[in-house]
Amino acid sequence: MTKSISKKTLQDLEFTTVLEQVAEHCISNLGKEQTLQIHPISNKKKLFFELNMVNEYLSSFENENRIPNHYFEDISEEIKRLAIENSFLETEGFLKVATVTETVNEQKKFLKKFETYYPTIFKLSNEIEFTTIVSDSIKKIITSYGEVANNASPVLKQIRKDINNVRGKISESFSHTLSKSIASGYLDDIKETVVDNQRVLAVSAMHRRKIKGSLLGSSKSGNIVYIAPQATLAYSRELQNLMYEEKQEVVRILRALATEIRPYTSLLNEYVTFLTHLDLVGAKAKYAVSINGLLPKITKEKKIYFKDAFHPVLWKKNTTQNIETIPQTIRLDEKQQIIVISGPNAGGKSITLKTIGLLQVMLQSGLLIPVHERSETTLFNTVLTDIGDNQSIENQLSTYSYRLKNMRSFLKKCNDSTLFLIDEFGTGSDPELGGALAEIFLEEFYERKAFGIITTHYANLKVLANELDNVTNANMQFDERTLEPLYKLFIGQAGSSFTFEVAQKNGIPYSLINRAKKRVETEKIRLDKTISKLQKERNRLQKTSDSLVKQKSKGQEHIENLQEKELKLQDKLSGFQELYDNNQRMLSLGRKINELLNKYFQTNNKKELSTNFLKWVTSEKTKHLKRNPEKKTKTQKKQEKVIAQKQQEAIKKVEKEVLQKVVKVRETKKKEAEKVAKEKAAYIYKINDRVRLIDGNAVGTIDKIEKKKAFINYGLFTTEAKIEQLELVERAKK
């Protein structure tokens with residue numbers, strides 16, 4: 001498994017940008033922090049566990065049993081304080097702890113109930129203990145408003161009762177003094193106010209000596225003084241003492257609560273770790289939805305086959321700007337070990353190379369990738385990259401020196417479990433000398449059975465790719481008329497650099513281009529010209545081939561329609577024929593009866609009528625018996641029963657001989673059926689998919705999807721149905 005995917009490789013492939021996009025989908029700060037620390041997973045078992053969890057979470061978006069909300073607040077600081085002896089938390093801190101434990105318990109209950117839907121996530125949740133002791137203890141002491149409950153202790157209950165009594169006395173005495181002062185005319189118009197959380201009388205300054213009490217202040221003008229009546233002062237001091245006692249009792253209760261749940265601090269850490277991991281998995285699944293990501297088949301066979309692969313960062317950027325992103329399909333295997341991509345600059349060579357590398361690193365880091373569902377790949381121990389401007393100012397190295405240093409590192413690590421990606425291979429030095437050294441490096445990677453993709457302009461590397469058995473040339477397609485890039489990779493042929501054509505298109509005078517052509521070796525121009533012609537010819541053939549495929553597809557559809565109509569006509573004709581035969585028979589019977597009746601009316605001979613009727617009935621019975629033979633006699637039935645019994649015994653003997661083979665075949669078919677059923681269940685329906693209702697025959701096209709319902713167009717009418725009632729007939733054409 002992954003042993004060496006360096007920070008430089010991740011930097012070259014813009015892996016950090018992907019992580020930043022994933023982090024946007026996290027619901028907690030801890031989840032975001034952990035997302036930004038994602039790196040390739042070295043343990044294969046752990047990697048599959050992570051990928052399966054993300055895939056299961058992704059599937060939850062498409063069924064009715066969606067994973068419950070698992071938002072949580074970071075309680076790391078609260079846990080640290082709880083771990084200190086004799087410490088306690090404020091009531092808000094305790095409530096945060098209780099909420100986290102309840103969230104975990106809710107997830108555990110849900111995942112246990114739907115273990116068959118989410119077996120891997122259930123396994124993660126099953127590793128932590130289920131307990132309600134922590135939340136129950138906290139809820140027993142602290143109310144949902146963040147206050148210590150009155151019944152948390154008898155002492156607190158009594159203190160608060162006394163506080164209420166004293167407050168009643170204060171209110172009563174103040175009201176009495178207020179009424180008396182009003183009657184005496186000592187108060188200002190506002191009568192009373194509040195100073196330092198205490199009710200005071202608003203006394204006119206001239207009468208301040210007539211009211212006994214404590215002076216607590218005055219108005220800005222000095223016309224009003226604020227006096228706390230003497231009658232309330234004694235009660236106020238008693239109230240302050242009681243409130244102090246209440247505070248001390250609350251601290252004692254909270255300290256006792258902290259002591260009670262302190263043994264569970266390690267479990268609380270596990271809860272936080274679990275919820276953070278679940279947040280990370282959820283963010284990966286949401287990111288997969290945003291890029292149409294899925295889990296491709298991971299095979300032990302050494303190969304990469306990415307069909308319709310998108311660079312996720314480029315795809316998201318282009319989508320926001322309404323620009324189409326062209327997918328790439330690329331294969332690396334034992335017969336196509338290394339691909340050499342050539343062609344003009346700005347054609348998409350580098351982005352193709354980065355796409356393959358980034359998707360491989362994402363997958364090996366537990367992320368789903370935007371590829372076709374039939375894609376498959378293996379896992380590499382090492383991913384090596386040499387991409388972009390490699391000039392090192394810090395180490396005072398030139399571009400070529402830096403690349404040589406990189407190649408030395410490649411040679412140390414490169415083996416048959418390596419994927420290497422090199423952009424502009426061999427550049428930075430004299431073309432002939434650098435190209436020769438690049439050839440040697442390429443041959444060395446080839447001999448070591450490493451998989452890789454390189455981009456280059458060097459003709460000698462294109463020639464070498466043709467000479468080596470399992471190395472293939474490729475190019476990025478260009479429109480030969482406009483010289484505009486098509487961003488499509490074509491495997492099997494080297495690409496022309498279109499150097500002089502691009503120069504001419506960009507306004508360089510033809511006379512200068514012609515002089516440049518004379519300075520270049522004739523053979524090189526001929527080679528580039530030949531490649532350019534081949535590309536143009538191949539583009540024309542590709543267009544013709546696409547046109548023929550479309551015509552063939554239309555013809556096939558027309559033939560199928562005709563065959564379907566022919567079958568319907570045959571069914572109708574068969575029905576008409578049967579109806580016609582029945583009618584003719586009834587007419588024949590009617591005519592015969594009519595004939596017998598007419599003869600009877602003429603002769604009035606009942607005996608003759610009876611005789612002729614019986615003859616006719618006997619004749620019809622004989623015909624009927626020929627068409628429908630009589631049931632067999634008891635003797636015949638017994639003989640057939642004996643014969644059938646002997647045949648049954650013979651069959652049983654044969655069954656015993658082939659029983660083991662039959663069992664094996666059944667097991668194989670059962671596994672295949674389960675696999676097909678699983679694939680169908682995991683399939684995410686898209687617009688333009690052709691579907692039919694389960695147990696139905698009519699086939700329609702999905703026009704739109706809203707929540708769990710799909711609107712199906714049958715041509716003459718449109719209907720809606722639940723997603724789980726649908727059966728896929730044909731996926732939407734891309």
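1. Asp308 is located in strand β6, which spans residues 304-309. Although Asp308 is not a glycine, its phi is positive, near 50°. This and every other remark below concerns a predicted model. A second residue with such a backbone value is Asn292, whose phi is about 55° and positive although the residue is not a glycine. Asn292 belongs to the loop that joins α11 to β5 (297-298).

2. As to overall content, the chain holds 21 helices and 19 strands. Of its 734 residues, 39% are buried. Among contacts with a separation of 6 or more, 69% are between residues 24 or more positions apart.

3. The largest nonpolar core deserves attention. This core contains 97 residues, and the ones with the most contacts inside it are Phe15, Phe94, Ile138, Phe306 and Met362. Helix α11 (residues 265-290) supplies the largest share of this core, 13 residues. In soluble globular proteins, nonpolar side chains tend to be buried together.

4. Which residues does Met362 touch, leaving aside those up to four places away in sequence? Its partners are Phe15, Val18, Tyr287, Ile291, Pro312, Leu367, Leu368 and Ile369. Phe15, one of these partners, is also listed with Met362 among the residues with the most contacts inside the largest core. A second core, separate from the largest one, has 22 residues, including Met407, Ile422, Phe425 and Val471.

5. Two of the residues touched by Met362, Val18 and Pro312, also take part in a helix contact. Helix α2 (residues 15-23) packs against helix α12 (residues 312-320) at an angle of about 60°, and their axes are 9 Å apart. The two helices are therefore oblique to each other. On the α2 side the contact is made by Thr17, Val18 and Gln21, which meet Pro312, Val313 and Lys316 of α12. Sorted by class, this contact has three nonpolar, two polar and one charged residues.

6. The pairing of α9 with α10 may be set beside the preceding one. Helix α9 covers residues 154-184 and helix α10 covers residues 230-261; they pack at an angle of about 160° with axes 9 Å apart. Because of that angle, α9 and α10 are roughly antiparallel to each other. Their crossing is left-handed. The contact of α9 with α10 comprises 14 nonpolar, four polar and eight charged residues.

7. Helix α7 (residues 119-126) has several buried residues, namely Thr120, Ile121, Phe122, Leu124 and Ser125. The cover over the buried residues of α7 includes α4 (44-60), α6 (91-113) and α11. Helix α11 is thus named here as part of that cover and above as the source of the largest share of the 97-residue core.

8. Is Phe420 buried or exposed? Phe420 is buried, since its relative accessible area is 0%, where under 20% is the limit for that term. The residue sits in strand β11 (residues 418-422). Beyond residues up to four places away in sequence, Phe420 touches Ile338, Leu384, Phe410, Phe445, Ala450, Phe451, Gly452, Ile453 and Ile454. One of these partners, Phe451, is 31 residues away along the chain, and its C-alpha atom is separated from that of Phe420 by 6.4 Å.

Methods:
Residues numbered from 1 in each chain as written. Predicted model: local features only at pLDDT ≥ 70, side-chain atom pairs only at ≥ 80, totals over all residues. Heavy atoms only, no water. Axes fitted to C-alpha atoms, helices over the stretch in contact; angles between N-to-C directions. Helix = DSSP H or I, 4+ residues; strand = E, 2+ residues; numbered from the N terminus. Parallel < 35°, antiparallel > 145°, perpendicular 65-115°, else oblique. Left-handed = near helix turned anticlockwise from the far one by under 90°. Nonpolar A, V, L, I, M, F, W, Y, C, P; charged D, E, K, R; others polar. Buried < 20%, exposed > 50% of the residue type's maximum accessible area, 1.4 Å probe, protein only. Contact = heavy atoms within 4.5 Å. Core = buried A, V, L, I, M, F, W, Y, C linked by side-chain atoms within 4.5 Å.
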